[in-house]
Amino acid sequence: MKKLDILVIAAHPDDAELGCSGTIAAHIARGYKVGIVDLTQGEMGTRGTPELRLKEADDAAKILGLSARENMGFKDVLFLDDESHQLDLIKVIRKYQPDIVLANAIRDRHPDHGKGASLATHACFMSGLRKIETTYEGEKQDAWRPKFVYHYIQNNYIEPDFVFDITDFWDIKVKSILAFQSQFHDPESNEPESFISNPEFLPFIEARAREMGHRILTKYGEGFTVERMIGSQNLFDLK
Ligand SMILES: [Zn+2]
């Protein structure tokens, strides 16, 4: 069993890179172990193929220095926040025992994001219930509840509860996003244009990061929302 400090749960391969890869890279640089579980292969996406997106996810994992990345193989667009999907995700949470989970935006343009957020929230809570029994590779798993679930903000603007400074990790974020070549603007591509292959998409990602950074007086930031209240024991820990 590989314990992780942070587990990122993402509806589609590339959600984590677009939403919170600066935060991921910053924690890996500080020695924390971070992994990503992608719920689907993004097979309903306009461009690319599931095989290509798996390869791209693997490339992005290497760029970020992830300790683990796996794909649940849930059906893109059609997966549900129901008992069977919750149990599958609980097994992964118990396997990695993360202290912090970063999950999809609580609501967004793509309905899978809000659905992924609620599935992750429910699975994290349920994973702490001893009476929900699961096994992994034939072994009974211990109950495990992550201490915090934070939701990275994705396409639609949501007022963040806090912003993480990613200024020193902006370049890695961009590299990890560009690993998903099939999804982004390529003048040579014969595939149909999609929402994110529009050449204006990456400047938008930068504008969002600058806006978030501006709110905390840094160059680039990533915004998060929290379901429970954030506490502190030292006001000087707050920047
Ligand atoms: Zn997505």
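The following exchange examines aromatic pairs, charges over rings and sheet pairing in a predicted model.

User: Why is the aromatic pair of Phe162 and Phe224 called stacked?

Analyst: The ring centres lie 5.2 Å apart, and the planes make 10 degrees. Centres within 6.5 Å count as a pair and planes under 30 degrees apart as stacked, so both conditions are met. This is one of six aromatic pairs in the structure.

User: What makes this a link between distant parts of the chain?

Analyst: Phe162 belongs to strand β8 (residues 162-165) and Phe224 to strand β9 (residues 221-226), 62 residues apart. Ring pairs also join Phe162 and Phe224 with Phe148 and Tyr150 in a cluster.

User: Is Phe224 buried or exposed, and how do you know?

Analyst: Phe224 has a relative accessible area of 1%. Buried means under 20%, therefore Phe224 is buried. Phe162, at 23%, is instead partly exposed, because that class lies between 20% and 50%.

User: Which geometry describes the pair of Trp170 and Tyr220, and what supports the label?

Analyst: The pair is stacked: the centres are 4.3 Å apart and the planes 10 degrees, which satisfies the limits of within 6.5 Å and under 30 degrees. Trp170 lies in helix α5 (residues 170-178), while Tyr220 lies in the loop between α6 (201-215) and β9, so the pair ties together parts 50 residues apart in sequence. Trp170 is buried at 10% relative accessible area, and Tyr220 is buried at 6%.

User: How do you know that the charged end of Arg145 sits over the ring of Phe125?

Analyst: The charged end of Arg145 is 4.0 Å from the ring centre of Phe125. The distance limit is within 6 Å, and the position must also be within 35 degrees of the ring normal. Arg145 is listed as sitting over the ring, so both conditions hold. Lys115 likewise lies over the face of Phe79, at 4.5 Å from the ring centre.

User: Why do β8 and β9 count as paired?

Analyst: Four bridges connect β8 and β9 in the antiparallel sense. At least two bridges are required, so the two strands pair. In β9, Glu222 is the bridge partner of Phe164.

User: What makes β3 and β8 edge strands?

Analyst: The open sheet has seven strands in the order β3-β2-β1-β4-β7-β9-β8, with mixed pairing. Each of β3 (68-74) and β8 pairs on one side only. Neighbouring strands of this sheet are turned by 25 degrees against each other on average, direction ignored. Helix α6 packs on the sheet, touching β8 and β9, and its direction makes about 75 degrees with that of β9.

Notes: Residues numbered from 1 in each chain as written. Predicted model: local features only at pLDDT ≥ 70, side-chain atom pairs only at ≥ 80, totals over all residues. Heavy atoms only, no water. Phe/Tyr/Trp six-rings, centres within 6.5 Å; stacked < 30°, edge-to-face > 60°. Helix = DSSP H or I, 4+ residues; strand = E, 2+ residues; numbered from the N terminus. Buried < 20%, exposed > 50% of the residue type's maximum accessible area, 1.4 Å probe, protein only. Axes fitted to C-alpha atoms, helices over the stretch in contact; angles between N-to-C directions. Contact = heavy atoms within 4.5 Å.
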